[in-house]
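Here are my notes on the model you sent, set out as numbered points so that each can be checked against the coordinates.

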Amino acid sequence: MTKVKVAGIQMPITSDKETNLKKAEALLVQAANDGARMASLPEYFLCDCPEEWMSQEELQAVAEPIPGPSFQFLADVAKKTGLYICTGSYLEKRPDGKLQNSSAFIDPKGNLLGTFQKIHPEDAPPKKEYTLGLVPGEKYPVFDTEFGKVGIMLDMDAVIPEAFSILAVKGAVLIFWCVNWSARWFNQIDILPAAHAMLNKIYTVTSNRIGTRVSKVGTFTYNGGAKICSPEGFTIARAIDYSEGYAIGEFDPELMAEWRNVIIPRDYPLRRRPDTYSEILNV
């Protein structure tokens, strides 16, 4: 199988959905014109992060079902560009009225392949989720594509080593990490995807925001840090910090197959020993 170009997008985020969708569309089209076959957007790209002062009415007003209007907009972009699109994330309104931080995965025909809900909501001052009632996800789905199985992690999910490992064990060869972290975490945005890629023998694609956000809890600057990392832990593509754009690099299914089917069985026969890991279940 030939190599496949993938893109991680970094973009400014405003309080206006239409502005954010148009910006996302422009960057997705550009990435497709550069040869990308898969691309991802940042966490909360559509309506910014929920904050402590927001009422349930305000949260419900910006939330949408999946499928819904914004999903359909991006599904049309997928059909126009031929991209697989990881929609970053936005507030999903469930049928029971409860909210989740959710990502959708769309195929090049505009079909919904599935959704992922953030497993580890947070309560940091710039991003209140748990106390505002956002429901944690419970499942780690992988999505079938012509290039192999794909997974999604949102934000704090990447801080939990087991989360990426579960997706890798389930056969994911590429994981999109969609994040909304300020430049304070510059180092972590750089290190985490490379470390997860190397430890789990997967490709990682990082998407983050850029620009300045002024909120009631402070002013935050975002550097982006979009990047593509290989299963050997190398950064093979990176966007320019603090600039609108994307990282675009080649995902090599044959390299993945070599690591999974040849190198690991040959060189590391005891690479995974789950019989020794039971103590982690008691933490």
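**Notes on the predicted model**

1. I begin with helix α6, and with what lies against it in this predicted model. The buried residues of α6 pack against four strands, namely β1 (4-12), β11 (172-178), β12 (203-207) and β17 (245-251). The residues of α6 that are buried are Pro253, Leu255, Met256, Trp259, Ile263 and Ile264.

2. The geometry of this helix deserves a careful look. Helix α6 covers residues 253-267, 15 residues in total, and spans 20 Å between its first and last C-alpha, which is close to the 21 Å expected at 1.5 Å a residue. The helix nevertheless bends by about 40 degrees at Trp259, a residue that is also among the buried ones. At the start of α6, the backbone nitrogen of Glu254 has a side-chain oxygen of Asp252 within 3.0 Å.

3. Two of the strands that α6 packs against, β11 and β12, also belong to an open sheet of six strands, whose order is β9-β10-β11-β12-β15-β16 and whose pairing is mixed. At its edges are β9 (143-145) and β16 (235-238), each of which pairs on one side only. On average, and with direction ignored, neighbouring strands of this sheet are turned by 20 degrees against each other.

4. Within that sheet, β12 and β15 (residues 227-229) run antiparallel and are joined by three bridges, and Val205 stands opposite Ile228 of β15. Helix α5 (residues 186-200) lies across β11, β12, β15 and β16, and runs at about 30 degrees to β15.

5. Asn180, in the loop between β11 and α5, is worth inspecting individually. Is Asn180 buried or exposed? Its relative accessible area is 4%, and Asn180 therefore counts as buried, the cut-off being under 20%. The side chain of Asn180 makes a polar contact of 3.4 Å with that of Arg209. Leaving aside neighbours within four places in sequence, the residues in contact with Asn180 include Glu43, Asp48, Lys127, Asp155 and Arg209, and also Ile13, Tyr44 and Tyr222.

6. A second residue to examine is Glu25, which lies in helix α1 (residues 17-33). Glu25 is classed as buried because its relative accessible area is 16%, and the limit for that class is under 20%. Not counting residues up to four places away in sequence, Glu25 touches Phe73, Val77 and Lys80.

Terms used. Residues numbered from 1 in each chain as written. Predicted model: local features only at pLDDT ≥ 70, side-chain atom pairs only at ≥ 80, totals over all residues. Heavy atoms only, no water. Expected span 1.5 Å × (residues − 1). Bend = angle between axes of the 7 residues up to and from the residue. Buried < 20%, exposed > 50% of the residue type's maximum accessible area, 1.4 Å probe, protein only. Contact = heavy atoms within 4.5 Å. Polar contact = N/O pair within 3.5 Å; in protein donor to acceptor, adjacent residues only side chain to side chain. Pairing = 2+ DSSP bridges. Axes fitted to C-alpha atoms, helices over the stretch in contact; angles between N-to-C directions.
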